Amino acid sequence: MAECTVPKTIIINAANLHGGGGVQVAISFLDELARLEVHRSGLTVLASDEVAEGLSELGVDVSVFRSFEVVNSYGPWRGFSVLREKLKRADLAFTLFGPLYQIKKPNISIVGFAQPWIAYPDNEVYNKLSYFSAILNRIKFAVQKNVFKFSSDFIVVESENIRDQLISLGVVKPSDISVVSNCISGIYQRSDVWRNVKMPVTPGRIRLGIVTRDYIHKNLDIIPAVKACLEKDYGIDSAFFVTFTESEWIKKSEEFKNAVFNIGVIRPEQCPSFYQQIDAVFFPSLLECFSATPLEALASKKPLFASNRPFVSEYCGNFPMYFDPNSPADAARVIAEFVHKGISSERVESACQHVRSLPGARDRALAYLQIVERLMAGKPGSTP
C-alpha cells in the first residue's frame, strides 16, 4: 500500500468495546497497527479500559500513535457525551464495531458491523426467547439497524454472507460496504507473549472447551444434555470448560454448573494455553456474523466439533466435525465417533495449514487502513 500523509483528525474508536470478540479484534488490530511503519503516527486512538488493559498486557507501545486516550462509552447512555465531543470534530472516525450512537457524526464515519441479529432478523434463536423477550429484542435490533444506517458512511463486515444480507435489507448500498475477514490474532505466532491459564485436572475424561461469553445465541445450554448423552449412550466421561464472567456464571442453573468448569475470563495471550490443555473445541453456536473460535481451534491443531452452519463452513470448509446444534444427541454422536475412531495427524495438519493460508492479523490491519486511505482520498468504496 502506498504511504500517504494521514490527517491529524483520523480517529480509531474502540471506546465502546467491553467484552467478547470485539475486544480481541481491537487489541489485535491496534497491536498490528502499532508495529506498522505507515499511518500510525497520525492516528488518534480511543480505547476502552478493557482494550487498553489488553494492549498493556501485550506490551504494545501506544506512544507511537499521535494520541492514545482511554475513553469508555456504553451505548447511547454512559460515556456518550464524552465520546460525542471527541468524534464530532473528526475528519474521519473508524468505529471498529458499532453501532455508533452519534447525532452529529464525523465528516466521514466508517463503522464495523458484527451484529447477526440485525443481519438475520428471522433467526432461529428467537425460538429460545419468551414472547416478550422476543418482542423487546426485535425492537432493540430494529433501532440498531437504523442507527447503523444513519450513523455510517461506510460499513465494514467480516463475511460475504453478511455483506449480501445488509445490502438486501437496505442497510447499506453496494458501493458503501467492504468485506475484511476476521482472523486469528497474531498472538498465535508469537509464543513469547503467551501466558498460562490454570485449569482443573480431569484424568480419564475427554476435555472439551470454548472461549466465549454466555450469549444466548452461543447455544451453550445444550452442554449438560450433550454430557449426559455421552455418558449414557456411549460410556464416555467428559469435562467441558467455558470462560464466563462471574456474573454470567452466577446466573447459570445448578444443572449447568454441575456439568461445566468455568475458568473465568481469559486474555488473548492466555488463549493458546487454554487450547493446549483441552482435547477438542466444542462450538454449538446458532448465530454469528463471523467467529474466530473455529479458526483458532484449527490453528491450534485441535479437533473442532461445530454447528453445521454457513458461518463456520464458509471459512473452515470440511475440516470441522459438524453436528446439528439443536440436537444434543447428534453432538454427542459426533464426539463419540471421534473418541472411538480418532482423527488422522494429516487432517489436523491440513486444517492448520488451511488457517495459515487465510489472511492474517497483519493483512486485516492493512485492509482497514486501505479503506481509511481510500475514503480520505474521496474515492468511492469498492465492492468485491
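## Getting to know this predicted model

Tyrosine 131 is exposed, with a relative accessible area of 61%. The model is a predicted one, and the exercises below start from this residue.

**Exercise 1.** Find where tyrosine 131 sits and which nonpolar surface patch it helps to make.

*Solution.*
- Step 1: Look along the secondary structure. Tyrosine 131 belongs to helix α5, which covers residues 131-151.
- Step 2: Check its exposure. The cut-off for exposed is over 50% relative accessible area, and tyrosine 131 has 61%, so it counts as exposed.
- Step 3: Collect its partners. Tyr131 makes a nonpolar surface patch together with Phe132, Ile135, Leu136, Ile139 and Val143. The patch has an area of about 680 Å².

**Exercise 2.** Decide whether serine 159 is buried or exposed, and list its contacts beyond its sequence neighbours.

*Solution.*
- Step 1: Locate the residue. Serine 159 lies in the loop that runs between β6 (154-157) and α6 (160-168).
- Step 2: Apply the cut-off. Buried means under 20% relative accessible area; serine 159 has 1%, so it is buried.
- Step 3: Set aside the neighbours within four places in sequence. Serine 159 is then in contact with Val179, Cys289, Glu314 and Tyr315.

**Exercise 3.** Describe the nonpolar cores of the protein, and follow one core residue, phenylalanine 274, to its contacts.

*Solution.*
- Step 1: Recall a general tendency. In soluble globular proteins, nonpolar side chains tend to be buried together.
- Step 2: Turn to the largest nonpolar core. This core has 56 residues, and the ones touching the most other members are Val226, Phe274, Phe282 and Phe305.
- Step 3: Ask which element gives the most to this core. That is helix α13 (residues 328-341), with 6 residues.
- Step 4: Note the second core. It is separate, has 40 residues, and includes Ile10, Ala34, Leu55 and Val156.
- Step 5: Zoom in on phenylalanine 274. Leaving out neighbours within four places in sequence, its contacts are Val197, Met199, Gly209, Ile210, Val211, Phe241, Thr243, Ile263 and Ile266.

**Exercise 4.** Work out how compact the whole protein is for its length.

*Solution.*
- Step 1: Take stock of the elements. The protein has 15 helices and 13 strands.
- Step 2: Compare the radius of gyration with the globule rule. The value is 21 Å, close to the 21 Å given by the rule for 384 residues, so the protein is as compact as a globular protein of that length.
- Step 3: Add the burial. Of the 384 residues, 54% count as buried.
- Step 4: Look at the contacts with a separation of 6 or more. Residues 24 or more positions apart account for 67% of them.

Definitions and conventions. Residues numbered from 1 in each chain as written. Predicted model: local features only at pLDDT ≥ 70, side-chain atom pairs only at ≥ 80, totals over all residues. Heavy atoms only, no water. Patch = residues over 30% accessible without salt bridge, like charges linked within 9 Å, V, L, I, M, F, W, Y side chains within 5 Å. Areas by Shrake-Rupley, 256 points an atom, 1.4 Å probe, with all protein chains shown as cover. Salt bridge = Lys/Arg side-chain N within 4 Å of Asp/Glu carboxyl O. Helix = DSSP H or I, 4+ residues; strand = E, 2+ residues; numbered from the N terminus. Buried < 20%, exposed > 50% of the residue type's maximum accessible area, 1.4 Å probe, protein only. Rg over C-alpha atoms; globule rule 2.2 N^0.38 Å. Contact = heavy atoms within 4.5 Å. Core = buried A, V, L, I, M, F, W, Y, C linked by side-chain atoms within 4.5 Å.
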